[in-house]
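Biologist: Before I trust any labels on this one, can we go through how you arrive at them? Pull it up and I'll start asking.

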Amino acid sequence: MKYGHFDTAVDEYVIERPDVPVSWTNYLGSKNLCTVLSHNGGGYSYYKSSQQGRITRFRPNSVPLDRPGHYVYLRDDADGDFWSVSWQPVGKPLEGEGAASYTTRHGLGYSTFEASYKGIDASQTIFIPVDDDVEIWDTTVTNASDVERTLTVGSYVEFSFHTITIDNQNLQMSLYSSGTSYEDGIIEYDFYYEPWTYHFFASSEEPSSYDSLRENFIGPYRDEANPIAIERGEGSNTSATTQNHCGALLHKVTLAPGESKRLVFMLGYGSRDVAGRAMKAKYSIPANVDAERARLRAFWRAKQDKLQIRTPHEGMNTMINSWTLLQAETCVQWSRFASFVEVGGRAGLGYRDTAQDVMSVIHSNPTKTLQRIVELLRAQVSSGYGLHLFDPEAFNPDAEPLPDVPSPTIVPRGNAADLIHGLEDTCSDDHLWLVPSVVEYVKETGDLAFLDRVIPFADGPEATVYEHLVAALDFSSKQIGANGVALGLRADWNDCLNLGGGETSLVTFLHAWAIGAFLEIARPLGRTADVERFEAERERIAKVADTQLWDGEWWIRGYTRDGVKIGSKENEEGKIFLEHQAWPVIAGITSQERGITSMNSVTKLLGSEYGSHLNWPAFTKVDDTVGFVTRVYPGIKENAAIFSHPNAWPIIAEALLGRGDEAVALYDAILPYNQNENIEVRGAEPYAYVQFIYGRDHEWFGKAQNPWLTGTAGWMYTAATKYILGVRLTLDGLVVSPSIPKDWDGFEVTRQWRDATYEIVVTNPNHVSSGVASITVDGVDLDPTAAIPAAPAGSVVKVEVVLG
């Protein structure tokens, strides 16, 4: 079943049926203020921290799923009938006599809700300006009937108690520690025990009435679907210094036939005097709203223009040029803990998550990715490993301290030393992702001086960035088991495969990959001793892989602490795992023959029409020497589900093996775009990757879960652009080495790099998958095996590539 379509002309996904199986979300905001918003207006906002900076409340995993939200209500004052601009929360009938029509348009940094009911057309566009910490609701109401209409237009948000834990517990305190006041058309929400924390809600015109107490607006034994204030067309005009608070401003509007009325509501961070009045003054002027909308569009267009693709694959074009970029940027900007599934209950950054996310969007967001890389370096201990989950502010010497006000609501300020975990809580892979992320940053920006920047380790000593990378590689070189394979420690990328402290082939392969990335900078820097030492270590790993980890048709997953093979044909369950199979190819430590054999096994044993499964057969017997994965139901998450994140890695491997048809087939299997007309199975939005899809061992095979905040987006962006289309970087040049389906005639890529623009046209006259026959740069032939040299800033470079 189809609920909407991609409108590529304006980079929107248009939802034409609002009764989708689950909430389809969008992320608004690019700096301090974030809103997670559903297609029905449900969701929540926060300032900087989804855990400790909440502005509006959200009830996770509740019924209905996505309440409360950021709503605009309309009431026909002639008969008292009322509805909402978004379908929910009122939920007018979609069919039959007197039905309403609703459309939602999710775009890059904004969402628009449109409703037509009883001769009234209304729209509400919600967006967050690039630089202002305010959420704008640009609302227009039009009388499409042939008689004069008088309406009540009312807004509603429910304020949070600022911190997730206080929203959900300890109400004996929080109910009495915050208050609202109304003045000059602005509701101010304050935290009496935290005098630095305020929120405000305002509108562009003086309201006819207001409510700032939830109970007064909603009424007893009611909810957001039938609030008493909207039913009667008037707010109570009361505020208080206790209980639950909201922002509700009601306006009386009379419209002649064909007449429209534009109102702007504003939800922001800060007090009435410091922020509210200025934002109200600015955004009460329609031209300013329009200018900020245009500025937001230009903000995203500049990111999109950094890399644009035009291929015969419409789904790839649509996703890479807009939606996958947006999703990858979202993960870097807002981390992984603010969604409708993880609703801010954890704060900070995941080490491995962040290190992987930054690699995909350095070109489009160099400032934020640099910030994240520095935060990762500060959260690395001097022995080399990374802190698995950390608050970057705890290690930021420039972090602004909270005011010294004694208050039970204050965020506890612990000693940074207490946040440093020991080896027993260390994941064996975290630090290795750091190395390629730093190298990719240097290749993208040319900032070799960054490697000499001195940054302290989490436990105190200072070192250059280069020395941080050496420490990461040396840590893995020391953490080796009896078979010469990397020790698994607490876990590796697969948190549920603990191996009882055994050995992990995945980290062994990742170590070789990270060394390869490191050598890309160590060689030109003339670090001969390091080059020789790590080349030798890489050769050792290659030998271990050949002798200890090859199982005949695929690579084993590792050894338990008792020396039992895991992910081997010798096993009854869990014979083959997905996440490590591609890495010997990506790391360049295996042969073409073994690479192809292992990828064939992935397709044969793990593949499906919805993507590749994480393992097979599913575990049905508990074995804690293998790990928690054996305590997960078959077909769910880590136990033989289609875990999306590692699905990108075989795509990269197939491309490196020159098998473009196979690479794109794997890409297509998990591509959300391809499920747009299969929503009755998928459920989740078709414009975003999800954490996992139920596997074939589960009755919900094909159903997608946990959208948006997954490393899948960044890796799929990387797999498509750098490996299928083959446009990737060296330290001082640009490589074009595609691996595409044989039936493609070619493709085009526009790539901005170091302030030059490369217009790349690839033709495939002989219909091969890979192999570059010729390259010309501005009409001059270039060695097909050589990188295209970096051009001066401001240049437009014409690159023509012929495959053959």
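Biologist: Which glycine takes a positive phi just after H16?

Modeller: Glycine 658, with a phi of about 85°. Bear in mind that this is a predicted model, where local features need pLDDT of at least 70, side-chain atom pairs count only at pLDDT 80 or more, and totals for chains, interfaces and linings use all residues. Residues are numbered from 1 along each chain as its sequence is written, and side-chain values use heavy atoms, with hydrogens and water left out.

Biologist: What makes H16 a helix?

Modeller: Helices are DSSP runs of H or I with at least four residues, strands are runs of E with at least two, and both are numbered from the N terminus. H16 covers residues 648-656, nine residues, so it passes the minimum of four.

Biologist: Why is H16 called largely enclosed?

Modeller: Eight of its nine residues are buried, so the rest of the structure largely encloses it. Buried means under 20% relative accessible area, exposed over 50%, and partly exposed in between, with a 1.4 Å probe and protein chains only. Among the buried ones are Trp649, Pro650 and Glu654. The cover includes helix H8 (351-360), helix H10 (430-445) and helix H17 (660-670).

Biologist: Why is the pairing of arginine 352 and aspartate 430 called a salt bridge?

Modeller: The rule wants a side-chain nitrogen of Lys or Arg within 4 Å of a carboxyl oxygen of Asp or Glu. Here the closest N and O atoms are 3.5 Å apart, so the pair qualifies. Arginine 352 sits in helix H8 and aspartate 430 in helix H10, so the bridge ties together parts 78 residues apart in sequence. Both arginine 352 and aspartate 430 are buried.

Biologist: How many salt bridges does that rule give?

Modeller: It gives 59. Another one joins glutamate 158 and arginine 57 at 2.4 Å, N to O. That pair links strand S12 (residues 149-158) with the loop between strand S5 (43-47) and strand S6 (71-76), 101 residues apart. Glutamate 158 and arginine 57 also belong to a salt-bridge network including Arg59, Arg67 and Asp167.

Biologist: What makes a set of residues a nonpolar core?

Modeller: They must be buried Ala, Val, Leu, Ile, Met, Phe, Trp, Tyr or Cys, joined through side-chain atoms within 4.5 Å. The largest such core has 185 residues, and Trp433, Trp649 and Tyr667 are among those with the most contacts inside it. Helix H12 (residues 505-522) gives the most, with 13 residues. Apart from that core lies another, of 41 residues, including Tyr47 and Trp87.

Methods
Contact = heavy atoms within 4.5 Å.
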